[in-house]
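Hi,

Here is the structure I said I would pass on. Have a look, and my notes follow underneath.

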Amino acid sequence: FRSGYGEKLREHLTKETQIDQLIDFGDADIFTSIAYPSILLARKLGQKEALNPDQPVRALTWMPGPPLDDFPDVFAAKSFTLPQRELKKDGWRLEGTTVRDLLAKLRKAGKPLGEYVNGRFYRGILTGLNEAFVVDRETRDRLIVEHPSSKAVLKPFLRGRDVKRWCAQPQDLWLIFTRRGIDIRKYPAIHDYLKPFKKRLMPGGPGGRKPGSYEWHEIQDNIAYWQEFEKKKIIVPAIAETMQCTYDTSGFYVNNKASIFVPDNPKYVATILNSEVARWVTTQLCASKQGGFWDFEPRYSTQFPIPRASAAQQKALEKLVDQILAAKKKDAAADVSRWEREIDRQVYELYGLTEDEIKIVEGA
């Protein structure tokens, strides 16, 4: 329904068939095997038959709770119609008019995140062998003692699972960041540490990393944007239960289970991505994953609408972030809900939401 790999199939179905019914069960436990079951009833068009894009499609998104034996009654009561033209190739959103109109309103209130940051969004680092390139504090300190030059290529490191709401939860891990073109002879302790992994680090070799024009001691991917990691930024996990981001000023590098965004005003963007609106937008734009998780890889997260705000409005929101971060610094488990509620109130105003639209957002 929303995954990237399904785009061509969705386009084919909406152009070549007349769709009658669509039922999305998400990750509901319909079968004993893990699956994302759905029901699609469609009719292939005849050679001289024209597609009617306004023909209504009877649709339902099944919400877990009722027993499956009640499915006919639930379908009769909860299903709705939408014109086939609303089924876009970038994603099928089985929602009524009110919800679709709300999403359109949010999108018109600002720019998609990817455009807002002027294309400055990047995926995390794929080393090809984390066992070799990711080390703990003890190993990091030992390598620096063995040769001071090691410090220059040892970077603070986060995994996708360490990226939380507002603040990261680092596990004191460090990345040996030997990027393309590095002169490994300048880092003898790093060279000696990586040498036992050489066979497994060889590009394209049996049991080694993917083929490529990189040396055995170098990170697998060409991270030409590496300097962006060291700037103030937003970090978004690839998979999470809800949209959440970390505001980072510590220069963390991240693995490929997270992405970074580098806006001019990252603290303001953090308020939007950690708001109730973003949580609701998640249910409309992102692909669901097994177990109630969502996919926030750039093809989805770059679509999040960032509303226009005056300098004064941004400053007011950033002040709330400062209060949250100060509380979290003292106690990572601190209750910051009062500031988050105020952020939500101000964000609702930025999007121009009515009371009824706020109820839709908070009821999702």
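The buried residues of helix H3 pack against strand E4 (80-83), strand E5 (110-112), helix H10 (276-285), strand E17 (305-307), helix H13 (337-351) and helix H14 (355-363). Contact here means heavy atoms within 4.5 Å, and buried means under 20% relative accessible area, exposed over 50%, with partly exposed in between (1.4 Å probe, protein chains only). Helices (H or I, at least four residues) and strands (E, at least two) are DSSP runs, numbered from the N terminus.

The residues of H3 doing that packing are Val 99, Arg 100, Leu 102, Leu 103 and Leu 106. They sit on the same side of H3 because they cover an arc of only 160° around the axis, going by the directions from the helix axis to the C-beta atoms. Over on the other side, Thr 98 and Lys 108 are exposed.

A word on the source: this is a predicted model, where local features need pLDDT of at least 70 and side-chain atom pairs count only at pLDDT 80 or more, while totals for chains, interfaces and linings use all residues. Residues are numbered from 1 along each chain as its sequence is written, and side-chain values use heavy atoms, leaving out hydrogens and water.

As for the whole chain, there are 14 helices and 17 strands, and the C-alpha atoms fill a box of roughly 70 × 55 × 40 Å along the principal axes. Of the 364 residues, 48% are buried. Among contacts with a separation of 6 or more, 69% come from residues 24 or more positions apart.

Cheers
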